[in-house]
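Me: I am new to this structure and would like to learn how to read it. Could you take me through it feature by feature?

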Amino acid sequence: MPDRDNFTWTAMVSGYVRYDRPNEALDLCRMMSRCQNWQGNKFTVSSALAAAAAIPCLRIGKEIHGHIMRTGLESDQVVWSSLSDMYGKCGSIEEARHIFDRMVDRDVVTWTTMIGRYFEDGRRDEGLHLFKDLIKSGTRPNEFTFAGVLNACSDVTAEQLGRQVHGYITRVGSTPSSFAASALVHMYSKCGSMVNAERVFKGMLQPDLVSWTSLIAGYAQNGKPNEALHYFELLLNSGKVHPDHITFVGVLSACAHAGLVDKGLQYFYSIKDKHGLTYTTDHYACIIDLLARCGRFEEAKRIISGMPIKPDKFLWASLLGGCRIHKNVELAEKAAEALFEIEPENPATYVTMANIYATAGKWAEVAKIRTIMDDRGVVKKPGKSWIEVKRKTHVFLVGDKSHPKSKQIHEFLGELSRRMKEEGFVPDTNSVLHDVEEEQKEQNLSYHSEKLAIAYGVISTAAGTPIKVFKNLRTCVDCHTAIKFISKIVDRKIVVRDSARFHCFENGSCSCRDYW
């Protein structure tokens, strides 16, 4: 072409960007800049910014930003939006927010993009705070906004905020699209509110696979395997949706939590034989978890030896967990050895192995594990639990005395301990990683973070109010037994969500039926 105008250049640049060829798009931009008559417009620079974001290359993006400032294109909202998007995709969240704050007219796409950047960067609190600003601004969120925020609520188990989002969706008369509704099902399932998850699910005209899978996995993690398998059978009979490998992870998890070995094996073999899917490492990890929990280690070893793919860390961790339950020290050492090779920096393996040795009374081996951890610079992840009371989150560490009501909490736990012993409770000191007197071991167990959180919940809420506590690690055997006694003594429903699943304690029993 003897003469190329802005439209022609822009069409070529945007074409390269659209077909995922950003480097060629930027080459054209450099050619444009060498043309004497080239002035560029908002669409040209927006396409150039999109190319820089696609690579991603912050340096090039800043060069384009400089060109925009020099040519006076910075006043256009399309350019502002492209700039914010470029900085966000290039990992410069602060710059993206700076551009966002300078924009005069922000549409819902701009808001949603900025909120999403915070979530992608792991800065959920800032993302949720910006969502609240969006609500106050009068701009109506769209389904993408709702889905992003609800998924963030799922990640941090912020059920209260998730309920508010759900309420907002209802108030504005919005009918969530399938993915927004799926996010609601997922959020309620992750927060342990299966009644609400099922209610949303049943309100969907055509539930998608994500919704089915979220509901199945939610019931599995909440100690309701029969409900999980019931919905899986409904999924199979629907004829509209077909399970994928993630769905089967939920199904196999349900079988593992309930000890349904034969049924679990039946589902496992159907993955390939009936549904034509390829086994994944997650499927193998689930079936090994199922067999190891039941102590069927020979079958587990046969499956591992026959795997066409290399066992991953989750499989070995599942086997190690089963060895902990059944006190199989020899096989535990083999699983731990594999885990040390795969991820030597993970403290969970060392702690679990130390627990197994401590239960077996092998204190010299416990000391050896500690020495290895010190030599490798591995630090045990501190356990913490949190509870939401009156829309405020309270976080506790083991033995925590920093809370304003610490004195009342410890006094209440002392009284609970006395009453529990009267009811027949015997502290499980086997897993305490210190070769000390029994009395000191009991003292160490008495102030675990989940017990502190539960105690605070009981003294801070009205009688009969359910207590829901979250923990970042797996709850210990002693705490699990103790909370059963506490639920009966205080006559409360107590839900504890640890790193593996939900435990619903009520009237002295747990939903997991002590199979976990």
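Reply: We start with exposure: a residue is buried under 20% relative accessible area, exposed over 50%, and partly exposed in between, using a 1.4 Å probe and protein chains only. Glu 126, with a relative accessible area of 33%, is therefore partly exposed. This is a predicted model, where local features need pLDDT of at least 70 and side-chain atom pairs count only at pLDDT 80 or more, while totals for chains, interfaces and linings use all residues. Residues are numbered from 1 along each chain as its sequence is written, and side-chain values use heavy atoms, with hydrogens and water left out.

Me: What share of the residues of the protein chain count as buried?

Reply: Of 516 residues, 49% count as buried. The C-alpha trace spans about 90 × 55 × 55 Å along its principal axes.

Me: How many helices and strands does the protein chain have?

Reply: Helices (H or I, at least four residues) and strands (E, at least two) are DSSP runs, numbered from the N terminus. In the protein chain they come to 26 helices and six strands.

Me: How should I read contacts along the chain?

Reply: A contact means heavy atoms within 4.5 Å. Among contacts with a separation of 6 or more, 63% are between residues 24 or more positions apart. Met 194 gives a local case: its place is in helix α12 (residues 194–202), and at 5% relative accessibility it counts as buried. Leaving aside neighbours within four places in sequence, Met 194 is in contact with Tyr 188, Ser 189, Leu 215, Gly 218, Tyr 219 and Asn 222. The C-alpha atoms of Met 194 and Gly 218 are separated by 7.0 Å, and the two residues are 24 apart along the chain.

Me: Which side chains meet Arg 59 and Arg 97 in salt bridges?

Reply: A salt bridge is a side-chain nitrogen of Lys or Arg within 4 Å of a carboxyl oxygen of Asp or Glu. A search of the whole structure finds 23 salt bridges. In one of them Arg 59 pairs with Glu 63, with the closest N and O atoms 2.9 Å apart. These residues are four apart in helix α4 (residues 58–71), so about one helical turn separates them. Glu 63 is partly exposed at 47% relative accessibility, and Arg 59 is exposed at 53%.

Arg 97 pairs with Asp 101, the closest N and O atoms being 2.9 Å apart. This pair is in helix α6 (residues 93–102), where being four residues apart puts about one helical turn between them. Asp 101 is partly exposed, at 42% relative accessibility.

Me: What does Glu 126 meet, and which residues are linked in a network?

Reply: Glu 126 meets Arg 123 in a salt bridge of 2.7 Å, N to O. A network of salt bridges links Asp 85, Lys 89, Arg 117 and Glu 120.

Me: How do I read pairs of aromatic rings?

Reply: Rings of Phe, Tyr and Trp (its six-membered ring) pair if their centres lie within 6.5 Å; planes under 30 degrees apart count as stacked, over 60 as edge-to-face and the rest as tilted. The structure holds 16 aromatic pairs. Phe 396 and Tyr 456 have ring centres 6.0 Å apart and planes at 45 degrees, so this pair is tilted. The pair links distant parts of the chain, 60 residues apart: Phe 396 is in strand β2 (residues 392–397) and Tyr 456 in helix α25 (residues 449–460). Phe 396 is buried at 1% relative accessibility, and Tyr 456 is buried at 7%.

In another pair, Phe 425 and Phe 485 have centres 5.4 Å apart and planes at 65 degrees, so they count as edge-to-face. Phe 201, Trp 212, Tyr 219 and Tyr 231 form one aromatic cluster.

Me: Where does the backbone depart from the usual pattern?

Reply: Most residues other than glycine have a negative phi, and most peptide bonds are trans. The peptide bond from Ile 55 to Pro 56 is cis, with omega near -15 degrees. Pro 56 lies in the loop between α3 (42–54) and α4. Asp 20 has a positive phi, near 55 degrees, and is found in the loop between α1 (6–18) and α2 (22–33). Asp 491 also has a positive phi, near 55 degrees, and is found in the loop between α26 and β4 (494–497).
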